[in-house]
Each structure stands twice: as structure tokens, then as C-alpha cells.
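User: I should like to learn how to read pockets and nonpolar cores in a protein model. Could we begin with the pocket?

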Amino acid sequence: MPSRSLTDDALAAIERRLAATDELLARNYPGDDGRRRPVHTVYLPADRFTPSTAREWGDQALAAADAAGGLAAVARTVGLDDPALPDLVHRKLCEEPIEDVRLDFEDGYGDRGDETEDADVAGAVDAVATAVREDSAPPFVGIRFKCMEAPVRARGLRTLDLFVSGLAAAGPLPDGLTVTLPKVTTVGQVEAMVDASRALEAALGLAERSLRFEVQVETPQVILGADGTAPVATLLHAADRRVTSLHYGTYDYSASLGIAAQYQSMEHPAADHAKNVMQLAIAGTGVHMSDGSTNILPIGDPAHVADAWRLHARLVRRHLERGIYQGWDLHPAQLVTRFLATYAFYRDGFPAAALRLRNYVHRIDSAILDEPATARALASFIHRGVTCGAVTAAEVASAAEVTVDTVRDLALNRPTTTQPEETR
């Protein structure tokens with residue numbers, strides 16, 4: 001054995017030098033915590049949500065597909081040919097048509113006066129509490145309140161307070177409670193949201209960090225600050241680990257850059273630049289990310305419906321291919337192509353991903369030599385597909401020769417529950 005040249009003192013000095021770096025990386029870049037990532041967020045005016053909203057949206061989505069000849073016909077219209085898609089999507093629209101819903105007190109609601117908004121907050125609390133109690137609520141549910149800009153700040157914080165306080169009085173807060181802070185322009189606005197969250201937790205006797213929130217990126221100032229930095233990255237690390245997701249706001253962001261209305265789109269180069277910066281900001285932090293929406297709705301005459309479905313399916317596939325695994329939906333008929341396109345994405349990539357993961361786990365020689373980081377990416381891809389319903393556990397067991405639990409553990413870089421020798 002060769003002799004060492006680095007002394008114990010030298011090694012200890014290196015440990016001391018890097019102690020602060022180790023602490024920073026552990027604190028600011030902890031990686032994925034394993035929580036579920038919804039494939040979409042449905043936005044609707046807050047006063048329109050009822051305990052039956054999810055079921056009604058699923059029924060309306062199926063009715064829209066039926067009017068066009070059924071899910072198989074819609075799949076063909078948007079260029080998808082996997083014969084398993086219609087049954088899988090039909091099951092999804094029956095069992096869990098909405099994964100995440102945001103009761104909107106901001107742009108989708110407007111200014112209706114304090115008395116009306118207070119009453120609608122009370123109605124939202126009752127509707128959400130009832131839906132949770134009756135098990136009809138989507139897995140994730142919450143509100144988008146007015147932003148931290150001076151003209152609407154007090155109103156937004158009042159709505160947030162009434163909603164959270166009302167839910168806390170009705171029982172334990174829902175596990176999937178999610179609130180959205182829109183139109184963030186500065187890090188200070190996020191810090192103010194942290195202050196509000198801490199104050200609510202203290203007043204309501206909630207555990208620390210019970211209240212976490214999403215940040216909507218809708219202004220250029222949060223992508224490029226006056227000092228030349230990217231505030232969207234800074235705000236994540238100034239938020240007391242409370243930011244769960246960054247959401248891109250298609251139309252506010254585009255308008256703020258002076259882009260003409262007919263060219264405002266999720267695929268505009270300006271949109272891609274903002275989302276690229278957002279992806280860099282969240283890398284390694286455990287924070288999720290969502291693309292925005294298209295306002296071209298699949299309603300009206302059949303030709304327009306077909307065109308709108310083709311557009312929506314293409315945009316969904318586009319953000320999935322770019323590593324953005326969530327988007328917004330604004331109408332029940334968009335659920336049809338949300339799940340058709342999402343399921344097709346995971347099913348198209350599943351055979352190759354499962355084969356490579358099988359070879360990696362079982363140490364089978366192959367033409368592709370995957371490293372641990374790539375194996376985690378393969379497992380994450382498969383796990384997301386299983387979670388949303390695009391891929392079944394039986395398909396994973398057959399193609400990858402591992403259990404879904406093993407896939408999850410690999411995705412999260414945990415010791416696997418099943419050793420390779422046991423999974424042959």
C-alpha cells in the first residue's frame with residue numbers, strides 16, 4: 001500500500017475550511033424531499049369552488065371528449081397513438097380529475113369590495129373544509145391572494161389571514177394546503193410573506209413552517225434585478241425554507257416586456273429565458289416549478305376545439321420535455337389534453353428508462369453505462385409517471401424488475417428497500 005503524504009493536521013485544516021461550505025450546501029441545496037408534485041394547477045375564481053368541483057370538472061372533461069368522438073378520437077386528433085391512453089385517462093378523469101386547485105382571489109377574481117371578498121373568503125373556507133371532510137378535495141388545494149404591492153397589500157393579507165384562520169378553526173389544516181403569492185417583484189416581498197406566515201403560526205398555535213407558499217414569477221424585476229443579480233434565486237434562500245414552488249405567469253410577464261397580445265405565449269423566447277433562470281435557481285433546492293397557461297380554450301365550434309387541444313397538448317409536451325413537470329389549466333376541457341399529453345410523455349419514455357434502470361440495478365452489461373446521477377434521473381422519471389397514473393406498478397415490476405418502492409428510494413437517493421440480488 002502506498003504511504004500517505006497528507007498529514008492529519010492538513011486534513012483537519014481542510015475540514016475546518018470547508019465546514020461553512022458543507023453547512024451552506026446542506027441548508028440551501030438539500031435536494032428533493034420526496035413530496036408529491038402535481039402535474040397541473042387548476043385556477044378558478046374563488047367563489048366558484050364547491051366540494052363537488054373536482055367531480056364536475058372530470059365529468060365536463062369526459063363530456064367534451066365524448067362530443068369529439070371519445071378519448072381515443074381526441075388522442076388521434078392530437079397525434080397520440082398509444083392504445084393504453086384512453087382507458088388510463090378515463091380512469092384519471094373519473095378518480096382524480098384535479099390534482100391541485102387554486103381558489104383565485106387575484107386576477108381571476110378582481111376587486112369586488114371588502115364586504116364581498118370577506119364573504120367569499122368565508123364561503124371558500126366552508127367549501128374547502130367540507131371537501132376535505134367529505135374526501136372530495138383534490139390532493140392539493142389553496143388560494144391565490146392579492147400581491148404585496150402597496151395598493152392591494154392589506155386586502156391580500158386580510159384574505160390570507162381570514163382563509164388560514166378559518167381553516168384552522170374548522171379543524172387541522174389540510175395536508176395539501178397550498179397558498180400562492182403572486183406578482184413578486186423583490187426579495188423583500190417574500191421576506192414579508194415569511195413574516196406573515198410566522199405571525200399566523202404563532203397566533204393559531206401551528207407548528208413551525210406549517211405555512212409554506214408558492215411564488216409566482218410574473219415580473220422581469222425578479223428575473224433580473226437592478227443590481228444585475230437574479231432575485232428569483234436569492235428569494236429562495238431568504239424564505240426560511242417556506243417556498244415550495246415557482247410558477248411562471250405567462251401573460252403578466254409577457255405584457256410587462258411589451259410583447260404584443262397575439263404573441264404572448266408559454267413558448268415565446270422571453271418566456272423560455274425566464275423559465276431557464278427559474279430552473280437554474282431551484283436546482284438542488286427541493287423547490288418545484290410550474291409552467292404557466294394558455295388562454296386558448298377548447299370550447300366552441302369543433303374545428304376550434306380540435307385546434308385548441310392540439311395547441312394545449314403540444315405545450316404540455318413541450319414543458320415536460322424541458323424538465324418542467326407542472327402547468328396551469330383554466331377550463332375543464334383542458335384536462336383532456338393535460339392527461340393525454342402527460343401520460344403519453346411518460347409512457348413514450350418508459351420502456352427505455354425501465355430497461356436502463358433494470359440494467360443499472362441488476363448490474364447487467366449494456367451499451368449504455370449509466371452513473372448514479374443518471375440512475376436517479378431514470379428513477380425520478382418513472383416515479384413521476386407512476387404517481388400521476390400514467391404507468392402502473394405492474395408495468396414497472398415487469399419492465400424494470402424492481403418494485404415501485406425501490407424506484408422511489410432510488411429517485412430520492414435513499415438506501416433501496418430491495419437489494420438487486422432479491423429483485424432478479
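Analyst: The model shown is predicted. In the lining of the largest pocket, α13 is the element that gives the most, with eight residues.

User: How is such empty space found, and about how much of it lies in the largest pocket?

Analyst: Rolling a probe the size of a water molecule over the atoms shows where empty space is left. Here, the largest pocket holds about 850 Å³ of space. Its lining has 34 residues, and those closest to the centre are Asp32, Arg37, His288, Ser380 and Arg384. The elements that contribute two or more residues to this lining are α10 (269–282), β7 (288–290) and α13 (372–388).

User: What is the make-up of the lining by class?

Analyst: The lining of the largest pocket comprises 15 nonpolar, twelve polar and seven charged residues.

User: Which residues touch the most other members of the largest nonpolar core?

Analyst: In soluble globular proteins, nonpolar side chains tend to be buried together. In this model, the largest nonpolar core has 107 residues, of which Phe163, Leu235, Val243, Leu246 and Ile382 touch the most other members. Helix α12 (residues 334–361) gives the most to this core, namely 14 residues. Setting aside neighbours within four places in sequence, Ile382 contacts Phe350, Ala353, Ala354, Leu357, Val396 and Val407.

User: Is Leu340 buried or exposed?

Analyst: Leu340, which lies in helix α12, counts as buried because its relative accessibility is 0%, and the cut-off for buried is under 20%. Not counting residues up to four places away in sequence, Leu340 touches Leu71, Val74, Ala75, Leu80, Leu85 and Val89.

Note on methods: Residues numbered from 1 in each chain as written. Predicted model: local features only at pLDDT ≥ 70, side-chain atom pairs only at ≥ 80, totals over all residues. Heavy atoms only, no water. Core = buried A, V, L, I, M, F, W, Y, C linked by side-chain atoms within 4.5 Å. Buried < 20%, exposed > 50% of the residue type's maximum accessible area, 1.4 Å probe, protein only. Helix = DSSP H or I, 4+ residues; strand = E, 2+ residues; numbered from the N terminus. Contact = heavy atoms within 4.5 Å. 1 Å grid on protein atoms, 1.4 Å probe; cavity = no way out; pocket = protein on both sides within 12 Å on 5 of 7 lines; lining within 4 Å. Points joined across faces, edges and corners; volume = space filled by probe spheres on them. Nonpolar A, V, L, I, M, F, W, Y, C, P; charged D, E, K, R; others polar.
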